[in-house]
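Biologist: Could you take me through the salt bridges in this one, pair by pair? I'd like to know where the partners sit and how buried they are.

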Amino acid sequence: MLAAMLAQGWTNLDRLHLSFNLDVDVPERRPIGSISTSPKPPPKVPHTAPPVAPSASIVAEVDAPKASHRSLLIGVGYQGTDYARPQCERHVDLVRQWLVSQGFHGPQQVLLEAPQSAPQDLPTRANICAALQWLVQGVQTGDSLLIYFYGHTTEVEVADGVSSEAWCPMDFEAGAAPLYQLLTGGQLYDLTLQSVPEGALLTALVDAPSNHGGLHLPFALQPHGMPGVVGPVQESLGGLGMVLALGAGAPGPAGPTATEAFLELVQGQPGVPLARLLE
């Protein structure tokens, strides 16, 4: 699957920390005895035994919460600007339908720049930060989280000689230069992956014209034989994070958009978990 995506020019599959633990308890098999022809022993005298409390492992298994899905869909249109992306509402709806077709059910938040959106549902910087915190709140081992961002990303200098990828919220121009109201890769990491525990998965799909996914992850896989870009491993709880930057290598204006091309690529595999689609 990954090879097919790279062959079409997709880029930026980033991995934070990959750790699979398989812990399967196999009950001991007792040999089946041969049939005995000796007389049966006399029946034992019944007696009352004290109740046996269930083991801690059984209690933990019964009380363990079930794995859940949670998603955050963000569509920024930048209405009235020279860099407007007018199809944000349609693309968010396409991804929402695709998640349903994949069985990815669970709580979902949508931040969309649309006339019908209430102020708290607009993709402003403050609303995006609050929604990202909601996304990872209470996440546990086995949970699967998904972020879809449709908008613009950029690169900004965060310190002397140090640049960072960043998301452009709806109100990113409201702040002062050079950071404006951007959400930098470090800030996105602190809001999300830093709180994802081992055994949980966070997947980010970023549809932006530039070749930037936004989230800071230590490993980057590039197409066409380019070497992987390795950065410092940041502190985390050991969860797995993957970013697909859909904008790079997308077909021209006459063809499908980056999101549409990605969905066409995976549409023929209903019911397959997203992590399996990326194998």
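**A close look at the salt bridges**

Modeller: Sure, and keep in mind that this is a predicted model. Let's start with Arg 96, which counts as partly exposed because its relative accessibility is 32%. Its salt-bridge partner is Asp 93, with the closest N and O atoms 3.5 Å apart. Asp 93 comes out at 30% relative accessibility, so it is partly exposed too. The two residues are 3 apart in helix α3, so about one helical turn separates them.

Helix α3 also supplies Arg 90, which pairs up with Glu 260 in helix α6 (residues 258–266). Here the closest N and O atoms are 2.7 Å apart, and the pair links distant parts of the chain, 170 residues apart. Glu 260 is buried, at 19% relative accessibility, while Arg 90 is partly exposed at 37%.

Then there's Arg 85 with Asp 207, a salt bridge of 3.3 Å from N to O. This one also ties together distant parts of the chain: Arg 85 is in the loop between β2 and α3, Asp 207 is in strand β8 (residues 201–207), and their positions lie 122 residues apart in the count. Both of these side-chain partners belong to buried residues. A search of the whole structure gives 3 salt bridges.

For contrast, have a look at Arg 70 in strand β2 (residues 69–75). Arg 70 is buried but has no salt bridge, and the nearest side chain of opposite charge, Asp 143, is 5.7 Å away. What the Arg 70 side chain does have is a polar atom 2.9 Å from the backbone oxygen of Gln 137.

Definitions and conventions:
Residues are numbered from 1 along each chain as its sequence is written. This is a predicted model: local features need pLDDT of at least 70, side-chain atom pairs count only at pLDDT 80 or more; totals for chains, interfaces and linings use all residues. Side-chain values use heavy atoms; hydrogens and water are left out. Helices (H or I, at least four residues) and strands (E, at least two) are DSSP runs, numbered from the N terminus. Buried means under 20% relative accessible area, exposed over 50%, partly exposed in between (1.4 Å probe, protein chains only). Lys and Arg count as positive and Asp and Glu as negative; His and the chain ends are not counted. A salt bridge is a side-chain nitrogen of Lys or Arg within 4 Å of a carboxyl oxygen of Asp or Glu. A polar contact is a pair of N or O atoms within 3.5 Å; within protein, one must be able to donate a hydrogen and the other to accept it, and residues adjacent in sequence count only if both atoms are side-chain atoms.
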